[in-house]
Amino acid sequence: MSGANATSAGTAADVADVAAAVCLVVGALLTLIAAIGILRFPDVLTRMHSATKPQVLGLLLVLAGLGFRLRDPGTVGLLTLVALFQLVTSPIASHMVGRASFRAGQVREDLLVVDELTGVLPHEKRHDKPHEKPPSNRQRAD
Amino acid sequence: MNALLVSCVGVLGLAALLLVLRISLGPTMLDRVVALDVLVAVIICGLALEAAVHRHTTTLPILVVLSLLGFVGSVSVARFSPGSDDVEAEG
């Protein structure tokens, strides 16, 4: 919010407009950075890491910018509803996508630092794709 | 002020282009689901930006609908993709 003092002799409405512009610009840039990450990262889990930025912080910044710009209590209530829906639903969708991705064997294990899930998954239910390499390093010692 | 906001539309359009590229390239279905989820967030940001430029509240109900629609789409695709079986419940 450092751009809010750009209007030296501005009224409260001008200050709110500048705050709205800063929020909207930062939100849009965050979305662009996340899109670059989604295009360039190597597998589903790293792409999910990049995908959560515009889904939560970018969207919240843009909605806050819209609220600063419109300055109407009913509108701000509706925007809070949008933010609340997004905050509730986004982790559930990410959880299910990551779970399905890991259990389908689509995770690149050379990129994992810690893997605590492979040891506790039942191996006979794994759906390994035939075109991928066999899961030799997933077998437990016992 | 408005020129700044219009340039944000260009940034969002570039982001949407990269996401469409990932949706068309994506090796697995879940890659496409992740990118589609972010594309819905980009569309919400674009609608909010348009409402901020013109100072109207006409498109605000669309934001509420879109924030729930992306969730339903990605959860249903992830649920019915191979590997998402609930092995504890099926045993």
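# A tour starting at R55(B)

Select R55(B), which counts as exposed because 11 C-beta neighbours lie inside 10 Å (a residue is buried if 20 or more other C-beta atoms lie within 10 Å of its own, exposed if 12 or fewer and partly exposed in between, with C-beta atoms placed from the backbone). What you have open is a predicted model, in which local features need pLDDT of at least 70 and side-chain atom pairs count only at pLDDT 80 or more, whereas totals for chains, interfaces and linings use all residues. Residues are numbered from 1 along each chain as its sequence is written, and chains are lettered from A and ligands numbered from 1 in the order in which they are written.

Stay on R55(B) and display its backbone: phi is near 55°, a positive value in a residue other than glycine. Most residues other than glycine have a negative phi. R55(B) is found in the loop between α2 and α3 (60–79) of chain B, where helices (H or I, at least four residues) and strands (E, at least two) are DSSP runs numbered from the N terminus.

**The helices of chain B**

Next, colour chain B by pLDDT, the predictor's confidence in each residue, from 0 to 100. The mean for chain B is 84, and 89% of its residues reach 70 or more. Among the elements of this chain, helix α4 (residues 87–90) has the lowest mean pLDDT, 50, and α2(B) the highest, 90.

Now select helix α1 (residues 2–25) of chain B together with α2(B), whose axes come within 9 Å and cross at roughly 165°; axes here are lines fitted to C-alpha atoms, for helices over the stretch in contact, and angles run from 0 to 180 degrees between N-to-C directions. That makes α1(B) roughly antiparallel to α2(B) (angles under 35 degrees count as roughly parallel, over 145 as roughly antiparallel, 65 to 115 as roughly perpendicular and the rest as oblique). Their contact involves, among others, L5(B), V9(B), L12(B) and L19(B) on α1(B), and L39(B), V42(B) and L49(B) on α2(B); two residues are in contact if their C-beta atoms, placed from the backbone, lie within 7 Å. By class, the residues of this contact divide into 18 nonpolar, two polar and three charged, with Ala, Val, Leu, Ile, Met, Phe, Trp, Tyr, Cys and Pro counted as nonpolar, Asp, Glu, Lys and Arg as charged, and the others, Gly among them, as polar. The crossing of α1(B) and α2(B) is left-handed, meaning that the near helix is turned anticlockwise from the far one by less than a right angle, whereas a clockwise turn would be right-handed.

Keep α2(B) and add α3(B): the two axes come within 10 Å and cross at roughly 180°, which makes α2(B) roughly antiparallel to α3(B). Residues that meet here include V33(B), V40(B), I44(B) and L47(B) in α2(B), and L63(B), L66(B), G70(B) and V77(B) in α3(B). This contact has 17 nonpolar, four polar and one charged residues.

**Across to chain A**

Show both chains, for which the predictor gives the complex an ipTM of 0.84 and a pTM of 0.80. In all, 49 residues of chain A are in contact with 46 residues of chain B. On the chain A side, the elements that give two or more residues are α1 (12–40), α2 and α3, and by class this side has 32 nonpolar, eleven polar and six charged residues.

For a view of one helix pair across the two chains, select α2(A) (residues 44–70) and α2(B) (residues 29–54), which pack at an angle of about 15° with their axes 9 Å apart, and are therefore roughly parallel to each other. Their contact has 19 nonpolar, three polar and four charged residues. As you rotate the pair, note that α2(A) passes α2(B) in a left-handed crossing.

**Within chain A**

Hide chain B. Chain A has three helices and zero strands, and 35% of its 142 residues count as buried. Among its contacts between residues at least 6 apart in sequence, 55% join residues at least 24 apart.

Select F41(A), in the loop between α1 and α2, which counts as partly exposed because 18 C-beta neighbours lie inside 10 Å. Leaving aside neighbours within four places in sequence, F41(A) is in contact with T46(A), R47(A) and S50(A).

Finish at R71(A), in the loop between α2 and α3 (73–103) of chain A, where phi is near 55°, a positive value in a residue other than glycine. R71(A) is partly exposed, with 14 other C-beta atoms within 10 Å.
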